[in-house]
Amino acid sequence: MNDDEVLEECLRLLRDGLPTPAPATFDEGRGFLPLGLDIDGDVAVVTFLYRSGDGSSVGADFIEGWTFHRRDGEWRELGGGGGSAPAEPLTRRSSGEMGRHLLKYGSGRTVRNANRLLPWGAKWVNQARLHAAAEVARIRIGQRLLDVPAHGHAVVVWGARRGPVVEALAPDGAVLDVLDLGTRLPRPVLSADI
């Protein structure tokens with residue numbers, strides 16, 4: 001895997017969109033597979049599944065999201081991050097197996113105005129990586145509708161301070177689940193706090 005090749009693929013996906021149907025296997029000689037794409041105005045994110053080596057070792061799969069900001073009509077890479085992929089990452093599970101219809105399994109944040117002169121006033125691009133149950137056909141983020149690929153992975157991007165509310169939709173449009181990406185987990189109580 002080479003970062004230039006991945007960046008080139010990101011820019012192609014931002015221009016052309018994700019292929020339909022979503023790829024379910026790795027191309028020969030290519031160690032990454034596009035999983036998701038979301039564009040919200042002038043910010044975007046693209047996610048990939050990476051396979052290390054021959055894919056036979058435990059923990060070899062990795063999911064990463066790359067964020068972008070559109071300036072002067074061009075997409076500019078901001079950065080990204082990721083983490084270990086779940087076991088059998090391209091297998092979609094039912095809501096019964098997952099415990100709900102929509103799960104957040106990763107997130108990231110990159111600064112979009114890193115060239116500012118003073119340290120305050122940072123503006124951020126946020127991403128959340130989601131896994132949708134087999135019953136979910138689409139997710140809705142405000143007015144945006146994203147089809148969920150056969151593998152069930154989706155990604156959401158936003159530039160606002162507060163994360164959006166994401167709705168998991170059945171094929172008939174019924175809301176199956178709601179996930180608030182603006183909710184922060186409570187700070188853990190440390191022994192020093194007692």
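The legends below describe several close-up views of a predicted model of one protein chain.

Residues are numbered from 1 along each chain as its sequence is written, and side-chain values use heavy atoms, with hydrogens and water left out. Because the model is predicted, local features need pLDDT of at least 70 and side-chain atom pairs count only at pLDDT 80 or more, whereas totals for chains, interfaces and linings use all residues.

**View 1. Overall layout of the protein chain, with two helices and 11 strands.** Helices (H or I, at least four residues) and strands (E, at least two) are DSSP runs, numbered from the N terminus, and in this chain the elements follow the order α-β-β-β-β-α-β-β-β-β-β-β-β. Of the 194 residues, 38% are buried, where buried means under 20% relative accessible area, exposed means over 50%, and partly exposed lies in between (1.4 Å probe, protein chains only). Among the contacts (heavy atoms within 4.5 Å) with a separation of 6 or more, 54% are made by residues 24 or more positions apart. The accessible surface of the chain is about 11100 Å², and carbon and sulfur atoms account for 51% of that surface; accessible areas come from the Shrake-Rupley method with a 1.4 Å probe, and for residues only the protein chains shown count as cover.

**View 2. Helix α1 and the salt bridge between R12 and E9.** A salt bridge is a side-chain nitrogen of Lys or Arg within 4 Å of a carboxyl oxygen of Asp or Glu, and by this rule the count comes to 11. R12 and E9 both belong to helix α1 (residues 3–16), where they sit three residues apart, about one turn of the helix, and their side chains meet at 2.8 Å, N to O. E9 counts as buried because its relative accessibility is 7%, while R12, at 28%, counts as partly exposed. The pair belongs to a network of salt bridges that links E9, R12, R15 and D16.

**View 3. The β1–β2 hairpin and the salt bridge from D40 to R144.** Strands β1 and β2 run antiparallel and are joined by eight bridges, two strands being taken as paired if DSSP finds at least two bridges between them. D40 stands opposite V43 in β2, and G41, in the hairpin with two residues between the strands, takes a positive phi near 65 degrees. D40 also forms a salt bridge with R144, with the closest N and O atoms 3.2 Å apart. This pair links distant parts of the chain, since D40 lies in strand β1 (residues 32–40) and R144 in strand β8 (residues 144–147), 104 residues apart. R144 counts as buried at 18% relative accessibility, whereas D40 is partly exposed, with a relative accessible area of 30%.

**View 4. Strand β2 and the surroundings of Y50.** Strand β2 (residues 43–51) is mostly covered, with eight of its nine residues buried. On pairing with strand β3 (residues 61–71), β2 runs antiparallel and is joined by nine bridges, and V46 stands opposite W66 in β3. Y50, which lies in β2, counts as buried because its relative accessible area is 5%. The side chain of Y50 makes a polar contact of 2.9 Å with the side chain of E64, and another of 3.4 Å with the side chain of W66; a polar contact is a pair of N or O atoms within 3.5 Å, where within protein one must be able to donate a hydrogen and the other to accept it, and residues adjacent in sequence count only if both atoms are side-chain atoms. The C-alpha atoms of Y50 and F26, which are 24 residues apart along the chain, are separated by 9.2 Å.

**View 5. The salt bridge between R162 and D180.** The closest N and O atoms of R162 and D180 are 3.0 Å apart. R162 lies in the loop between β9 (153–158) and β10 (165–169) and D180 in strand β11 (residues 175–180), so the pair ties together parts that are 18 residues apart in sequence. D180 is partly exposed, its relative accessible area being 28%.

**View 6. The nonpolar surface patch made by L117, L118 and W120.** This patch covers about 440 Å²; patches are made of residues with over 30% relative accessible area and no salt bridge, like charges being joined within 9 Å and nonpolar side chains (Val, Leu, Ile, Met, Phe, Trp, Tyr) within 5 Å. L118 lies in the loop between β5 (102–111) and β6 (124–132), and with a relative accessibility of 46% L118 counts as partly exposed.
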